[in-house]
Amino acid sequence: MFRKVLVANRGEIALRVIRAVREMGLESVAVYSTADADALHVKFADQAVCIGPPPSRQSYLNIPQIISAAEITGADAIHPGYGFLSEDAEFAEVCQKCKLTWIGPPPEAMRLMGDKISARAAMQKAGVPILPGTGTITTEAELVEHAERIGLPVILKAAAGGGGRGMKIIHDRARLANDWATGKSEALAAFGNPDMYMERYCERPRHIEIQVAGDRHGNYAHRGERECSIQRRHQKVIEEAPSVALPEAVREELTAAAVRAISSIGYYNVGTLEFLLDRDGRFYFMEMNTRLQVEHPVTELVTGVDLVREQLRIAAGEPLSFLGNGTRKPRGHAIEMRINAEDPDSFAPWPGRITALHLPGGPGVRVDTHIYEGYRVPSNYDSMIAKVIVHDLDRASAIRRARRCLDELVIEGPRTNLPFLRRLMDSPEYRAADVDTGFVARFLAQSRS
Ligand code: MV4
């Protein structure tokens, strides 16, 4: 086991990782930008190193600065959290070259999954269902041929994209060439890679993801699904475990496919396979996230597994602490609500000082947050300032508990999405779990008309 872990992140996830590190009897090193000098992760860690000015490029994405911080403090492992450098295969390799244990998956698997075209090919090879689609489209003639073969509507996606960036949904043949051209230039600008591929467009799907983990001894396991259909512009707002939309037979197939997928690529550490679940209960691989996810706590609450501790154990060469697949049923129901400092109507970020704070508590309540009274939410980073996660016997009681927490939570200073969360949770569609990836957009359109 390594002895000192540098946490290359900020905010609530830096705290989450530092907590696991401390519980395992290890030392922690925080890194921070000058905008985060007053941040809790700096105070919680055993040591802290300033790595640069507020812009992420110059601090939390600055590989040489982070490696130097590890060397100066004698850290022997790096945990990247989520976002920032967490899916950067090159960073993982640099860590390894510098004799720092990378607390994450094999860089080759990160690269394979980072390219959505090679990811599709790998999944097909592993016998995981994918939607009818293509590789990189090279000519306009090819573009039209593929669209005719697959049938409209189709979706064009950037090979280097992910998380919904650079997608074009095409219902009309006349738009194909134009949207492809625009897509390519947007992809080139955003990712430095213009490659686009096509898939059949799946209408009103649910977004279901499977938590997986592998160790360095060839053990592979899943820890069930999360229902993540409640998103706004590809940002998840509410996540749950388990999904109430998944018939047991489909759950069995889906989790088995996810375990097949990671065993076929020799994946280790934790990861998530994202699937689209269509209206007929068929599922298709969408993408794999080779990192810990924001919504990991809902899985922790229904499985009792500490996923960050698991990551540290796996990176240290220890076997998975949970073997077997689906042998233990999820216990109860968990719901996570993301609290953002933003205008509740326009969703524009709303940085500023927290002047009053009261966090919810009581049975079955977990709050993962880095904010405190007097803390100033900087404008340089993500607007998510807290996650309220509840656990109860079943979905109906978990919703009541979640709703009670929203009433207890007081954040003064910046405006937050609390009013939006309350309205969402009070909607009949949410109550009935009658949701798909278009739910939030329809809900907003309706409440505005
Ligand atoms: C799709 C899709 C339907 N059909 N692909 C969105 C994020 C990225 N992971 C891929 N995404 C999707 N890919 C096919 N072939 C639907 C989504 C999707 C989505 C699309 C529009 C609006 C919201 C969405 C939320 C989740 C997934």
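**His171.** I looked up the exposure of His171 in this predicted model. His171 counts as exposed, at 53% relative accessibility. I placed His171 in the loop between strand E7 (168-170) and helix H8 (176-191). I then checked the distance from His171 to Arg448. The two are 277 residues apart in sequence. Their C-alpha atoms are 26 Å apart in space.

**Gln231.** I turned to a residue within a strand. Gln231 belongs to strand E10 (residues 220-232). Buried or exposed, I asked of Gln231? Gln231 counts as buried, because its relative accessibility is 11% and the cut-off for buried is under 20%. I paired Gln231 with Asp436, 205 residues apart along the chain. Their C-alpha atoms are separated by 9.0 Å.

**Ligand shell.** Next I went to the ligand. I found 17 residues around the ligand. Which of them come nearest? They are Lys157, Glu199, Arg200, Cys202 and Glu287.

I read off the polar contacts one by one. Lys157 places a polar side-chain atom 2.9 Å from a nitrogen atom of the ligand. Glu287 also has a polar side-chain atom 2.9 Å from a ligand nitrogen. For Arg200 the atom is a polar backbone one, and a ligand nitrogen lies 2.7 Å from it.

I looked up how much of the ligand is covered. On its own, the ligand has 520 Å² of accessible area. The protein covers 90% of that.

Which elements give two or more residues to the shell? I noted strand E6 (154-158), strand E8 (196-200), strand E12 (269-277) and strand E13 (283-289). I sorted the shell residues by type: seven are nonpolar, five polar and five charged. Then I checked the domains. Domain 2 (132-200) and domain 3 (206-448) each give at least three residues to the shell.

**Asn269.** Strand E12 came up again with Asn269, which lies in that strand. I recorded a positive phi for Asn269, near 75 degrees, in a residue other than glycine. Asn269 counts as buried, with 1% relative accessibility.

**Ala433.** I noted another positive phi at Ala433, about 55 degrees, although Ala433 is not a glycine. Where does Ala433 sit? I found Ala433 in the loop between helix H14 (428-431) and helix H15 (439-448). At 9% relative accessibility, Ala433 counts as buried.

**Helix H10.** I checked the burial of helix H10 (residues 296-303). Seven of its eight residues are buried, so the rest of the structure largely encloses this helix. I listed the buried ones: His296, Pro297, Val298, Thr299, Glu300, Val302 and Thr303. Just after H10 comes Gly304, with a positive phi of about 75 degrees.

**Cis peptide bonds.** I looked at omega for Leu152 to Pro153. That peptide bond is cis, with omega near -5 degrees. Pro153 is in the loop between helix H7 (140-150) and E6. E6 is also among the strands that give two or more residues to the ligand shell.

I did the same for Ala241 and Pro242. A cis peptide bond joins them, and omega is about -5 degrees. Pro242 lies in the loop between strand E11 (235-241) and helix H9 (248-264).

**Cysteines.** I closed with a search for disulfides. A disulfide is a covalent bond between the sulfur atoms of two cysteines. How many disulfides does the whole structure hold? The search finds zero.

I asked why Cys50 has no bonded partner. The closest cysteine sulfur, in Cys95, is 19 Å from the sulfur of Cys50, too far for a bond. Cys50 is partly exposed, with a relative accessible area of 36%.

I then took Cys98. Cys98 is in no disulfide either, and its nearest cysteine sulfur, that of Cys95, is 7.2 Å away. The cut-off for a disulfide is a sulfur pair within 2.5 Å, so I count no bond there. Cys98 is partly exposed, with a relative accessible area of 28%.

Terms used
Residues numbered from 1 in each chain as written. Predicted model: local features only at pLDDT ≥ 70, side-chain atom pairs only at ≥ 80, totals over all residues. Heavy atoms only, no water. Near = heavy atom within 4 Å. Polar contact = N/O pair within 3.5 Å; in protein donor to acceptor, adjacent residues only side chain to side chain. Areas by Shrake-Rupley, 256 points an atom, 1.4 Å probe, with all protein chains shown as cover. Helix = DSSP H or I, 4+ residues; strand = E, 2+ residues; numbered from the N terminus. Nonpolar A, V, L, I, M, F, W, Y, C, P; charged D, E, K, R; others polar. Domains from an automatic or database assignment. Buried < 20%, exposed > 50% of the residue type's maximum accessible area, 1.4 Å probe, protein only.
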